[in-house]
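User: Please examine the model shown below. I should like one connected account, with particular attention to a single part of the fold.

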Amino acid sequence: TQSVLQTIIALTSTNTPTITRTPAQVFAEPILKAIANRQPNFSDDFSNPSSGWALGPLSDANKNPLGNRGYKDGEFFLESLPNQWMQTTRGDTSSYSDFVVEVDARFISGSTFSSWTIGLRDDYAITYGMEGSMTLMRNPRGPTRSLGAWGPFRSGLETNQLRVIAKGPSIAIYLNGTAVSLVRDDTYAGAGGIELYVGSNDPQKGARVHFDNFKIWDISNLP
């Protein structure tokens, strides 16, 4: 009996798989645990069409129409015309330097040249393409530079949940609950706004994206 028990213990100890966490998980998981039972500083499920987001048609400085935006069936939509980009600002006008932001997004229409973007800290842009690609760019009021590109992920009309954890120079990106990457940028400028964009680089076809479950946690008080 002792020999059998010793064999079981040996097999259990040697066959237990080792779970290796990615750098993104090592950085983000303590933060996500700290806010797990905390209410967001700002949230919107878009069930209230008067929750304060910028609405209606938008034109550029030359009065050329860019598209439309508004509430629809408990979601917020951005719809761009062909070869144009649409933007909306959130109801919460606070600036954030260290934060967690989540949003669900799905394409309603578009082409492989369509994408949606979340702007962060005024300098950063995470863009998700309808073909399933994702990029992180920075434009500090100068030449745009890429900080990473990933994919392919879910393409077409499926819903994707994007979660971004930004603290100091580090930015972790999660897609549909899975850690995608950790990026470090020591030249970041600090706090800024958070905005949503939808665009089309297709001269024949615009793009429409619906957003839901938008949440922001301020984590500036976390170590």
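How many aromatic pairs does the structure hold? Please then look closely at strand β11: how many of its eight residues are buried, and which residues of helix α2 are buried?

Analyst: The model is predicted, and what follows should be read accordingly. The structure holds ten aromatic pairs. One of them is formed by W116 and Y128, whose ring centres are 5.9 Å apart and whose planes meet at 25°. The pair is therefore stacked, as that angle lies under the 30 degrees that the class requires. W116 belongs to strand β7 (residues 114-120) and Y128 to strand β8 (residues 124-129), so that the pair links distant parts of the chain, with the two positions twelve residues apart in numbering. Because its relative accessibility is 2%, W116 counts as buried; Y128, also at 2%, is buried as well. Ring pairs further link F42, F46, W53, Y71, F76 and F214 into a cluster.

The strand named in the request comes next. β11 covers residues 160-167 and is mostly covered, with seven of its eight residues buried. β11 has antiparallel pairing with β6, to which it is joined by seven bridges. One point along this pairing is A105, whose bridge partner in β11 is N160. β11 also pairs with β12, again in the antiparallel sense, over six bridges. K167 has S170 as its bridge partner in β12. β11 and β12 form a hairpin with two residues between them. In that turn, G168 has a positive phi of about 60°.

R163 deserves attention within β11. The side chain of R163 forms a salt bridge with E102, the closest N and O atoms lying 2.8 Å apart. R163 sits in β11, whereas E102 sits in strand β6 (residues 99-109); the two are 61 residues apart, and the pair links distant parts of the chain. Both R163 and E102 are buried. In addition, R163 lies over the face of Y174, at 5.7 Å from the ring centre. K167, already mentioned for its bridge to S170, is joined with D98 and R121 into one network by salt bridges that share partners.

Helix α2 (residues 23-34) supplies a further side of this picture. Its buried residues include A24, F27, A28, I31 and L32. These five cover an arc of only 115° around the axis, which means that they lie on the same side of α2. The strands against which the buried residues of α2 pack are β6, β11, β12 (170-175) and β13 (178-184). The paired strands β6 and β11 are thus both among the strands that α2 contacts.

Other salt bridges may be set beside that of R163. A search of the whole structure finds nine of them. E29, in the residue range of α2, forms one with R21, at 2.9 Å between the closest N and O atoms. E29 is partly exposed because its relative accessible area of 30% falls between the limits of 20% and 50%. R21 is likewise partly exposed, with a relative accessible area of 42%. R184 and D186 also meet in a salt bridge, at 3.1 Å from N to O, and both are exposed. The R163 and E102 pair, by contrast, is buried.

Backbone angles of two residues other than glycine complete the account. D73 has a positive phi, near 55°. The residue lies in the loop between β3 (65-72) and β4 (75-80), and D73 counts as exposed because its relative accessible area is 71%. N213 also has a positive phi, near 50°, but N213 lies in strand β15 (residues 207-218). N213 is partly exposed, as its relative accessibility is 31%. A further charged side chain, R208, lies over the face of F77, at 3.9 Å from the ring centre.

In summary, β11 is a mostly covered strand that pairs with β6 and with β12, and the buried residues of α2 pack against it.

Methods:
Residues numbered from 1 in each chain as written. Predicted model: local features only at pLDDT ≥ 70, side-chain atom pairs only at ≥ 80, totals over all residues. Heavy atoms only, no water. Salt bridge = Lys/Arg side-chain N within 4 Å of Asp/Glu carboxyl O. Buried < 20%, exposed > 50% of the residue type's maximum accessible area, 1.4 Å probe, protein only. Helix = DSSP H or I, 4+ residues; strand = E, 2+ residues; numbered from the N terminus. Arc of directions from axis to C-beta. Contact = heavy atoms within 4.5 Å. Pairing = 2+ DSSP bridges. Phe/Tyr/Trp six-rings, centres within 6.5 Å; stacked < 30°, edge-to-face > 60°. Lys NZ or Arg CZ within 6 Å of the ring centre and 35° of its normal.
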